[in-house]
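Here are a few exercises on how helices pack and strands pair, each with a worked solution. Have a go at each task before you read on.

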Amino acid sequence: MKTNLLRILRMSAAVAVLALMAVLFADWGGDTSMGALRGAAAPLARWQVVPAVMAVSVGTLAALLLLTLLFGRLYCSVLCPLGVMQDGVNVAAKLSSKRAATRFSYRRPRRWMRYGVLALTAVLIAAGVGGAVALLDPYSIFGRIIYDGLRPLVQGCNNFLALVAGDDFARQGITVSWLSAGLAVVMLAVTGISAWRGGRSYCNSFCPVGTLLGEVSRASLLRVRIDADRCVSCGLCERKCKGSCIDAASHRVDPTRCVVCFDCIDACPHGAISFGPSWGGEKNAAGVKPAKGVTKEGAVDESRKRFLTTVAAAAAAVPAAKAQSLQNSFATVARVKRPFERRHPVAPAGAVSLDHLHAKCTSCHLCVSKCPGHVLQPAVMEYGLEGIMHPVMRFDKGYCLYECTLCGEVCPAGAILPLDAERKKETFIGHAVFRKSLCVVHTDGVTCGNCAEHCPAEAIRMVPSPDGRLYPEVERELCIGCGRCEYVCPASPVSAIHVEGYAVHNDLGSCGGDGCGGSRGEGHGRGRGRNRGGEA
């Protein structure tokens, strides 16, 4: 009964975590019907290993390491949403066939693949290449699967039902980044097929978090153990182990790959498997405890030590200057509008700079899912290769709400720092540039002024021109780059006014190219002399 209770508690906690994380990422801005659940789920995003590393969250990392030192890789079985999702696929596979429930067998660890991916991840984090880390982080992979892969399908089904059932289903506008959606579908297929065929083979062969926590688990206080005196070598535990880490012949469990699911304890008909103190260790068939660092065949395994030494040397070789730079970084329009191909992309307030964003962001897209203005979207090539899938402002989708600070509040990796509402209003992420040749006042001879009317920073005013008409004039040192002017501009197919981003926020001369004229701003720039942005 005690072992069954362990498994039930573990499964209940895992299902709760998976459901909360799915609800958290399924939010696409305006939906508030599950606000309480999303509030409960928000802290879980910060209890993920890679985001905690990127955010240098020492307390969180210490707690996760302590959890692993006590219980082994319980994180992988309860807190990692991608791991729990794979367990769900494994359950479905077992329900599909009785034979599938015992389809596993012991496999030797794929050391070079595991440590190679871990080494690559460590070097990329040290070098500040957050975009590449996004392809390896299990939490971010799960976030993209839910938001970029499954969300558009759910919205499409909802819109179909809206056509059939009328007002019972509110129609939703579907926004899709095809690059992110494609990668999400690929990763869903890879992890899903891997789990269907091999249980946790993806986690134990490729996942850098699993490998890291597996190494820590070598020193765990509690672990799964086999009592050789009670074991009859039936092999049932080995055939049921989704981690393929139980060697029934030698009565050994590999702690680096065991995800502490307790399936083997339930499966053993003789009570030979337990979860308890690790001291004493397992014994082999002859009743002799294997020497530390000795393989099953008796050969000393020095490869892991050599490899980890190489990893440490590679990480230390990253230029110190790069690491130091990271520390110093600190209404719907009823028409279809084509996004403007701006020279300089606009990063969200709180990102501090493009370098900071690219170094920290793991592309989990939690900020994108939470943006109520729908202005944050996954980047394709706006930032170049370095920033693929990082959040970027696209003002054909919406604009940045003047007092909204959600993106910084939810970011678990520290890529977007939290700002209070007042500081957000004083953060310059870009400036507006007006192009008279596209303005409807010039092309259609009408009176407009939408941009000036809707500017929350009062950075745009209408001034007369020689032809007697009023045209907008941008006071650059007041413009914060929220993009509301670009969004409400009636010019089509592209707006007559657009925002050019700053490479460093609150640095008014940092966009570094044509159309970014002006002097370097200091402080907030409020009350300074005027430096108006003209036609580009």
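**Exercise 1. At what angle do the axes of helix α6 and helix α10 cross, and which residues make the contact?**

Step 1: find the helices, which are DSSP runs of H or I with at least four residues, numbered from the N terminus. Helix α6 covers residues 81-96 and helix α10 covers residues 178-198.

Step 2: get the angle. The axes come within 8 Å and cross at roughly 50 degrees (axes are lines fitted to C-alpha atoms over the stretch in contact, with angles from 0 to 180 degrees between N-to-C directions). That makes α6 oblique to α10 (under 35 degrees is roughly parallel, over 145 roughly antiparallel, 65 to 115 roughly perpendicular, and the rest oblique).

Step 3: list the contact (heavy atoms within 4.5 Å). From α6 come L82, M85, Q86, V89, N90, A92, A93 and S96, and from α10 come L188, T191, G192, A195 and W196.

Step 4: sort them. The split is 8 nonpolar, 5 polar and no charged.

A word on the source: this is a predicted model, where local features need pLDDT of at least 70 and side-chain atom pairs count only at pLDDT 80 or more, while totals for chains, interfaces and linings use all residues. Residues are numbered from 1 along each chain as its sequence is written, and side-chain values use heavy atoms, leaving out hydrogens and water.

**Exercise 2. Is S194 buried or exposed, and what does S194 touch?**

Step 1: place S194, which lies in helix α10.

Step 2: check accessibility. S194 counts as buried because its relative accessibility is 16% (buried is under 20% relative accessible area, exposed over 50%, partly exposed in between, with a 1.4 Å probe and protein chains only).

Step 3: look for neighbours. Leaving aside residues up to four places away in sequence, S194 touches G199, S201 and Y202.

**Exercise 3. How many residues of helix α12 are buried, and how do α7 and α12 cross?**

Step 1: count. Helix α12 (residues 208-217) is mostly covered, with 9 of its 10 residues buried.

Step 2: take the axes. Those of helix α7 (residues 111-127) and α12 come within 8 Å and cross at roughly 105 degrees, so α7 and α12 are roughly perpendicular to each other.

Step 3: name the partners. R114, Y115, V117, L118 and T121 of α7 meet P208, T211, L212 and E215 of α12.

**Exercise 4. In which sense do strands β8 and β9 pair?**

Step 1: strand β8 (residues 460-464) and strand β9 (residues 470-475) pair in the antiparallel sense over 5 bridges.

Step 2: inspect the turn. β8 and β9 form a hairpin with 5 residues between them, and G468 in the turn has a positive phi of about 90 degrees.

Note on methods:
Helix = DSSP H or I, 4+ residues; strand = E, 2+ residues; numbered from the N terminus. Nonpolar A, V, L, I, M, F, W, Y, C, P; charged D, E, K, R; others polar. Pairing = 2+ DSSP bridges.
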